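Please walk through the model below, beginning with its nonpolar interior and ending with a few single residues.

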Amino acid sequence: MQQQFSTNFNQAIQAIKSAILQSRYKAAALANRELLSLYYGIGEFVSRKSREGTWGTGAIDQISNQLQQELPGLRGFSAANIKNMRLFYEAWCDILNRQLATDDLLRSNFEHITTRSSVSDDLHIKTDWLANASLLPTPNFTLIGFTHHNEIVKKTESLAERLFYIDRCATDFWSVEKLKYCLKENLFSQQGKLANNFAITISDADLRRKALLSFKDEYLLDYINIESPDEEFDERVLESEIMLNIKNFIMSLGKDFAFIGNQYRFIVEEQEYFVDLLFFNRQLQCMVAFELKRGAFKPEYIGKMNFYLSALDDLVRLPHENRSIGIILCKSKKEKIVEYAFRDTSKPMGVSTYKLATELPEKYRDILPDEEELRRLM
């Protein structure tokens, strides 16, 4: 009797706890939507007044200072952030207005808004722009914070790219720092471009799609600084640097990767073999072996990785797990060489490249002098 009472008591606690958490989430989501609508409305107001010449130079700074005086302790309304609100509005107004204009049920409301907005002396600020979810470019639009939106607007070029990062932030719960990293690494353009043999080695279409989205064609290892030229440093140096920055490396890989170990040891016929880096991917439900190479891809790397994957599947893999995947991480690769090397292979593999901190981004190469020129100048 006592045990039954205890069970019912615990169930009641869990039910109440679940209700509390759901209510908190809904309240937070609603508050975020209201805040974004407010910022969007202020952005529309400021854009109209400042872009049309109604306000003079320094008006936004003056407004920000006055707001601080009239609402002591007010946060989020610095001159820079008010300008971000204007940017937020200007980045999305055409898309949201177009959505609104094509909705027959709200056409008259749209005409009212556009007419009202054209009146230069109208001081009304609309604060319910984002209330209608059907008008938003993605259901996740109001599920991420203004700081996330600000980063996305400033660092993306196309609508598809913006929506990609908004959806990933919402579904994968990215922090602002994670978003900044993915934007810098240009994750959007990397998706699905990995050189791989998944089409012939992964029969399940859904698993194949997930595998393609789990790996990148190029990894930006800008937290690793190896001063020696490529031909001089050993792969173990690269591995040691990655281990010193393992948290950053896992962030480079993306979500759902769990680190198992480096120089992972297994024995075949009394001989020791070591995988450079071994991970487990929760989404793919399989081990992922990384082999690090200092230079260009070579066809013989495929045979070694195929051997490692066979051994991992036979000796380490658990019954419920999918077959292991191998990623050869090289300094560079030739697409045709990789293509021929993958022909007739049986284990799922991919070839990616990496960039280190010492490499100057391409857009700066013609602006700054190269290493030899810097030495001469100094």
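How many residues does the largest nonpolar core have, and which of them have the most contacts inside it? In this predicted model, the core has 36 residues, and Tyr40, Trp92 and Tyr165 are those with the most contacts inside it. The elements that give two or more residues to this core are helix H1 (2-51), helix H3 (79-102), H5, helix H6 (159-172) and H7. H3 supplies the largest share, 10 residues.

Tryptophan 92 shows what surrounds one of these core residues. Setting aside residues up to four places away in sequence, tryptophan 92 touches Tyr40, Pro137, Phe141, His149, Val153, Leu159, Arg162, Leu163 and Ile166. A second core, separate from that one, has 29 residues, including Ile226, Phe249, Phe290 and Leu292.

As for the chain as a whole, its 378 residues are 41% buried, and it has 15 helices and seven strands. Of the contacts with a separation of 6 or more, 67% are between residues 24 or more positions apart.

Two of the elements that contribute to the largest core also pack on each other. Helix H5 (residues 146-155) and helix H7 (residues 176-184) have axes 10 Å apart and meet at an angle of about 10 degrees. The angle is under 35 degrees, so H5 is roughly parallel to H7. On the H5 side the contact is made by Thr147, His148, Glu151, Ile152 and Lys155, and on the H7 side by Val176, Leu179, Lys180 and Leu183. By type, the residues of this contact are four nonpolar, two polar and three charged.

Which residues of H7 are buried? They are Lys178, Leu179, Tyr181, Cys182 and Leu183. The cover over the buried residues of H7 includes H5, H6, helix H8 (187-190), strand S2 (218-221) and helix H12 (246-253). Glutamate 177 is also found in H7. Is glutamate 177 buried or exposed? Its relative accessible area is 53%, and the cut-off for exposed is over 50%, so glutamate 177 is exposed. The C-alpha atom of glutamate 177 is 9.4 Å from that of histidine 148, which is 29 residues away along the chain. After H7 comes asparagine 186, with a positive phi near 55 degrees.

Next is a residue in a strand. Asparagine 281 lies in strand S4 (residues 271-281). Its relative accessibility is 1%, and buried means under 20%, so asparagine 281 counts as buried. Apart from neighbours within four places in sequence, asparagine 281 is in contact with Ser214, Lys255, Asp256, Phe257, Cys286 and Val288. Its side chain also reaches the backbone nitrogen of leucine 284, at 2.7 Å. Isoleucine 325 is 44 residues from asparagine 281 along the chain, and the C-alpha atoms of the two are separated by 9.7 Å.

The last residue to consider is serine 64, in helix H2 (residues 59-70). Serine 64 has a relative accessible area of 5% and is buried. What does the side chain of serine 64 reach at 3.2 Å? The partner is the backbone nitrogen of alanine 79. With residues up to four places away in sequence not counted, serine 64 touches Phe77, Ser78, Ala79 and Ile82.

Note on methods: Residues are numbered from 1 along each chain as its sequence is written. This is a predicted model: local features need pLDDT of at least 70, side-chain atom pairs count only at pLDDT 80 or more; totals for chains, interfaces and linings use all residues. Side-chain values use heavy atoms; hydrogens and water are left out. Axes are lines fitted to C-alpha atoms, for helices over the stretch in contact, and angles run from 0 to 180 degrees between N-to-C directions. Helices (H or I, at least four residues) and strands (E, at least two) are DSSP runs, numbered from the N terminus. Angles under 35 degrees count as roughly parallel, over 145 as roughly antiparallel, 65 to 115 as roughly perpendicular and the rest as oblique. Contact means heavy atoms within 4.5 Å. Ala, Val, Leu, Ile, Met, Phe, Trp, Tyr, Cys and Pro count as nonpolar, Asp, Glu, Lys and Arg as charged, and the others, Gly among them, as polar. A nonpolar core is a set of buried Ala, Val, Leu, Ile, Met, Phe, Trp, Tyr and Cys residues joined through side-chain atoms within 4.5 Å. Buried means under 20% relative accessible area, exposed over 50%, partly exposed in between (1.4 Å probe, protein chains only). A polar contact is a pair of N or O atoms within 3.5 Å; within protein, one must be able to donate a hydrogen and the other to accept it, and residues adjacent in sequence count only if both atoms are side-chain atoms.
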